Amino acid sequence: MSRPPTASELDLCLCHSCGLACDMHDEPHQCPRCDAPLHRRKTNSLGRTWAYLLAALAFYVPANVLPVMNTMMLGSGADSTIMSGVLEFWEHGAWDIALIIFIASIAVPGVKFVALSMLLITVQRGSTWAQQQRSKLYRFVELIGYWSMLDVLVVALVAALVKFQSLGDIEPRPGILFFGLVVVFTMLSAMSFDPRMIWDTPPDKELMDDPIQQ
Amino acid sequence: MSTPEQLIICEHCDCVYQKALLAKHQKTVCTRCGGVLQRHNGLTVEQRLALSFTAAVLWLFANFYPVMSISLQGLKNSATLWDSVLALSQGPITFMAMVAAISIIIAPAFQLLLLIWVLGFALTARRSPAFKLCMRWLETLRPWSMLEVCLLGAMVAVFKLAGMLDVLPGIGLLALAVLSLLMIRIAGRDIRDLWDMP
């Protein structure tokens, strides 16, 4: 199957800010239309993506071990972690809410770690395996990224509401800081990854369908 | 070769295509990687500007009316979006308050101001002052605006508290619901079409 020409073959470059196909004949550093800096590929994409991903992974541990909030009801207080919050809903029969929190807070960051590491490793090996599916996987990771902020916002709202001193009081705990950092760093990691690298395979690995390269 | 304005490059795999004219509900997809290249944009400048003003009013409602209120043995309390940001600002987790403030209050506010600014001038077929800067900021802000997550979060909070005490959703929650849906429609990436205007 023949494929359309790529931007590098036509000496073009996509402007990520306004979407213009920029002519790279005179090696411009800025998009002629919107002045955004132009790069054929995102700068140092692999290194940055790995760095943000590992930072997020490091914060993932305290985010799940440390308590995210403290509930004081009639004098007796209890810390709760993300997982204990999910289990509480589950035990009260609210399996649907438990599932929403579990997916947003535990499954989504987990899927992002696995998916981004897999994308990084396959790109580093110049793999031609399942390129279309890996492209899809990246778009999925970008799409689900920010839903993990859910728990941070729930804790914020609940803590702002329940303020009755000795009768009942809910306070955020440091776990929520680490949890938020996991979300921010995985988002930065996904943004630093350049999906075009999935298709930048060495020419000898490509099926010889490309007359321009001959 | 055609001019660069008529070309479209797939951002996922770098393939180059000619731009196509789309009818309602149509989109074009990259043949190599399956990514969406273009989507039909049904909104005119006037409609988009009107929706932006609607969203701005809803933003005011969502921020100045309580999202929900609770009562426990005669005691009442209510919280706005700003109150929930403040709740995070105490102690060592202040940084998270800043992230929350940006994602649910500041980023949507700036998106709306920029939209009204560029669309207001586009109405008279002109480019606004600092058009390039505004358009680039709209691109930068988009991933950090998380109103729809906030909406789901507010609904989860209602269920979380409903077990312990009486919860009453407020006007803010209703405004937040409509605002988050509107933002998806008006602040998406098809705002880039404004570049094609003379």
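# A guided look at a two-chain model

Guide: Let's start in chain A, where strand 3 and strand 5 run antiparallel and are joined by five bridges. Please keep in mind that this is a predicted model.

Visitor: How do you know that strand 3 of chain A and strand 5 of chain A pair?

Guide: Two strands pair if at least two bridges are found between them. Strand 3 and strand 5 of chain A have five, so they satisfy the cut-off of at least two. One facing couple is Met73(A) and Gly168(A), the latter in strand 5 of chain A.

Visitor: What joins strand 3 of chain A to strand 4 of chain A?

Guide: Five bridges again: strand 3 (residues 69–73) and strand 4 (residues 76–80) of chain A run antiparallel. Here Thr71(A) has Ala78(A) in strand 4 as its bridge partner. These strands form a hairpin with two residues between them, and Leu74(A) takes a positive phi near 50° there.

Visitor: Let's turn to chain B. What makes strand 6 and strand 7 of chain B edge strands?

Guide: Look at the order of this open, three-stranded sheet in chain B, which is 6-5-7 with antiparallel pairing. Strand 6 (75–79) and strand 7 (166–169) each have a single partner strand, so one side of each has no neighbour in the sheet. On average, neighbouring strands are turned by 20° against each other, direction ignored.

Visitor: How do you know that strand 5 of chain B is joined to strand 6 of chain B?

Guide: Count the bridges: strand 5 (residues 68–72) and strand 6 of chain B share five and run antiparallel. Pairing asks for at least two bridges, so the count is sufficient. Within this pair, Ile70(B) faces Asn77(B) of strand 6. Helix 5 (residues 147–162) of chain B packs on the sheet, where it touches strand 5 and strand 7, and its direction makes about 155° with that of strand 7 of chain B.

Visitor: Which residues touch the most other members of the largest nonpolar core?

Guide: They are Leu153(A), Ala156(A), Leu157(A), Val182(A) and Ala100(B), in a core of 113 residues.

Visitor: What makes a residue such as Leu153(A) a member of that core?

Guide: Members must be buried and of a listed type, Leu among them, and they are joined through C-beta atoms within 7 Å. Buried here asks for 20 or more other C-beta atoms within 10 Å. Leu153(A) is counted in the core, so it must satisfy these conditions.

Visitor: With neighbours within four places in sequence left aside, which residues is Leu153(A) in contact with?

Guide: Its partners are Ala100(B), Ile104(B), Val149(B), Cys150(B) and Gly153(B).

Visitor: How many residues of each chain are in contact with the other chain?

Guide: The contacts involve 58 residues of chain A and 57 residues of chain B. On the side of chain A, helix 5 gives the largest share, ten residues. That side has 41 nonpolar, nine polar and eight charged residues.

Visitor: Where do the domains of each chain lie?

Guide: Chain A is assigned domain 1 (1–40) and domain 2 (44–202), with C-alpha centres 34 Å apart. In chain B, domain 1 covers 1–40 and domain 2 covers 43–196, and their C-alpha centres lie 31 Å apart.

Visitor: How many helices and strands does chain B have?

Guide: Chain B has six helices and seven strands. Buried residues make up 34% of its 198 residues.

Conventions:
Residues numbered from 1 in each chain as written. Chains lettered and ligands numbered in written order. Predicted model: local features only at pLDDT ≥ 70, side-chain atom pairs only at ≥ 80, totals over all residues. Domains from an automatic or database assignment. Buried ≥ 20, exposed ≤ 12 C-beta atoms within 10 Å, placed from the backbone. Contact = placed C-beta atoms within 7 Å. Helix = DSSP H or I, 4+ residues; strand = E, 2+ residues; numbered from the N terminus. Axes fitted to C-alpha atoms, helices over the stretch in contact; angles between N-to-C directions. Nonpolar A, V, L, I, M, F, W, Y, C, P; charged D, E, K, R; others polar.
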